[in-house]
Every structure is written in C-alpha cells, then in structure tokens.
Amino acid sequence: MVDPAGGHEPVALARIMLDAGASVMQLRLKDAPGRELLAAARAIAAICRERGAMLIVDDRADIAMLAGAAGVHLGQEDLPLEAARRLIGRDMLIGISTHSAEQAVAAERGGADYVGFGPLFPGGLRNNTAGKGLTMLREVRAAVSVPIVAIGGITEATVPEALAAGADACAIITDVVRAPDIAAKARALLALHRSP
C-alpha cells in the first residue's frame, strides 16, 4: 500500500516498492485534496505502466479513471459498485472492502473483480481492537471464487497464516511504511507471497 502513514512522499514510496518487486499497489491518500491525489495517481500509474505493474486507487473511481490506473478499491460507504462500474467500464478492476462472508458474496454477485477482507487481526494502521480472524477468512474463501486480499494488522509474521486461510494476497501498510528499510521489508513480504 502506498500510504503516507510513515511520513513518506507517495511517488517516492511507490518507486521503492516497485524497485523491490511489487507488481500491484494501492494508493491510499485518505486526506489528500483531489488535485494532489490525481497528481500522485497519475505519476504512480505512469511508473507502474513502465514496469508492468498495476495501480489501484483507493476510494475514488474518478481519480482512478483520470490517472489511467488499473482499477479502484471501494469501501462499503463509497460509491456503489454498480455506479462505479458504469463510470469506469469493464476494462478497469473494482475491488470491494468486505467485513463478512455476506458482504463478500454480495460484492462478487455485483461484479467485483476481487474483495478485500478485514480487518484480519487487531492493530494495524487503524489500531483495530479486534480482528475478524482466520476462521472468518476461511468462511469468506468458501463463499466466493474471486480473489481475496486480506488487510488489517497483518505483518510479515502473519502473512503465511493469512495465505493458508485462503487469502490470495495481503495488503500491508504499517509493517511496510514504518520499517527501517522499506525495500528490504517489501522484498521479504513478496517472497512470502511467492513461496509455495
């Protein structure tokens, strides 16, 4: 995730992650004005295209479309999936944040290309007091066939558990952006995702 929580400039952070081997990243700038978000998204999307990687923009289908990103990730309170699909068309990905098997099924039926599921564990950027847990992740995996991206409180130590419970990938913010060596942390996490 490209998020300023660690105090890093977004485009520079994206470059570090791409240099480390990331092939998909999500731009998450919750408090940025639209103009600033668009500028960052355009710059990162261009770098991603050069490197054969994909950029997903958090919350803003309009910004994703204008930046030429690969897709948008929407929360339960954001633009409805059907409206976002009408706006961006079929060529861009749409991911939906979910917190239960029911929400994941609804997202899949609505045409989501993938679902985010979480918060998986306590902690994380939002300091969640509780997580949905691995049992619920397994329930979501059994309920949907689209890819699942687990998020929330996930660290290098817990990635293997999340993948074993059915996640196809893990979205990680805190463990990456607050690492003393972001590139080394990203490489270590990517190695976990690629191991059999």
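This is a short tour of a few residues and contacts in the structure above, which is a predicted model.

Let's start with the strands. S1 covers residues 24-27, and four bridges join this strand to S2, with the two running parallel. If you want one pair to look at, Leu27 stands opposite Val57 in S2. Strand S2 itself spans residues 54-58, and four of its five residues are buried, so this strand is largely enclosed by the rest of the structure.

Further along the chain is strand S4, residues 93-98, which holds Gly95. How accessible is Gly95? Its relative accessibility is 0%, so Gly95 counts as buried. Leaving out residues up to four places away in sequence, Gly95 touches Val72, His73, Leu74 and Tyr114. There is also a link back to S2 territory to look at: Gly95 and Ile56 are 39 residues apart along the chain, and their C-alpha atoms are separated by 8.7 Å.

Now for the charges. A search of the whole structure turns up 10 salt bridges. Three of the pairs are set out here, with the N to O distance for each.

| Pair | N to O distance |
|---|---|
| Asp62 and Arg60 | 2.8 Å |
| Arg86 and Glu82 | 3.0 Å |
| Asp175 and Lys185 | 3.3 Å |

These pairs sit in assorted surroundings. Asp62 has a relative accessible area of 30%, so this residue is partly exposed. Its partner Arg60 also comes out as partly exposed, at 30% relative accessibility. Arg86 and Glu82 are both in helix H4, four residues apart, or about one turn of the helix. Both Arg86 and Glu82 are exposed.

What about Asp175 and Lys185, buried or exposed? Both are buried. Their side chains meet in a salt bridge. Asp175 belongs to helix H8 and Lys185 to helix H9 (residues 182-194), so this pair ties together parts that are 10 residues apart in sequence.

Asp175 deserves a second look. Its helix, H8, runs over residues 174-177. The relative accessible area of Asp175 is 19%, and the cut-off for buried is under 20%, so Asp175 gets the buried label. Besides the link to Lys185, the Asp175 side chain reaches the backbone nitrogen of Glu156 at 2.8 Å. Setting aside neighbours within four places in sequence, the contacts of Asp175 are Ile154, Thr155, Glu156 and Lys185.

Not every salt bridge is a simple pair: Lys30, Asp58 and Asp59 are linked in a network of them.

Back to helix H4, which spans residues 81-88 and also contains Leu87. Leu87 has a relative accessibility of 37%, so it counts as partly exposed. Together with Met65 and Leu79, Leu87 makes a nonpolar surface patch of about 230 Å².

Last stop: a loop. Ser145 lies between helix H6 (133-143) and strand S6 (148-151). With a relative accessible area of 65%, Ser145 is exposed. Which side chain does Ser145 join in a polar contact? That would be Glu108, at 2.7 Å. For a sense of placement, Ser145 and Leu93 are 52 residues apart in sequence and 16 Å apart in space, C-alpha to C-alpha.

Notes
Residues numbered from 1 in each chain as written. Predicted model: local features only at pLDDT ≥ 70, side-chain atom pairs only at ≥ 80, totals over all residues. Heavy atoms only, no water. Buried < 20%, exposed > 50% of the residue type's maximum accessible area, 1.4 Å probe, protein only. Polar contact = N/O pair within 3.5 Å; in protein donor to acceptor, adjacent residues only side chain to side chain. Contact = heavy atoms within 4.5 Å. Patch = residues over 30% accessible without salt bridge, like charges linked within 9 Å, V, L, I, M, F, W, Y side chains within 5 Å. Areas by Shrake-Rupley, 256 points an atom, 1.4 Å probe, with all protein chains shown as cover. Salt bridge = Lys/Arg side-chain N within 4 Å of Asp/Glu carboxyl O. Pairing = 2+ DSSP bridges.
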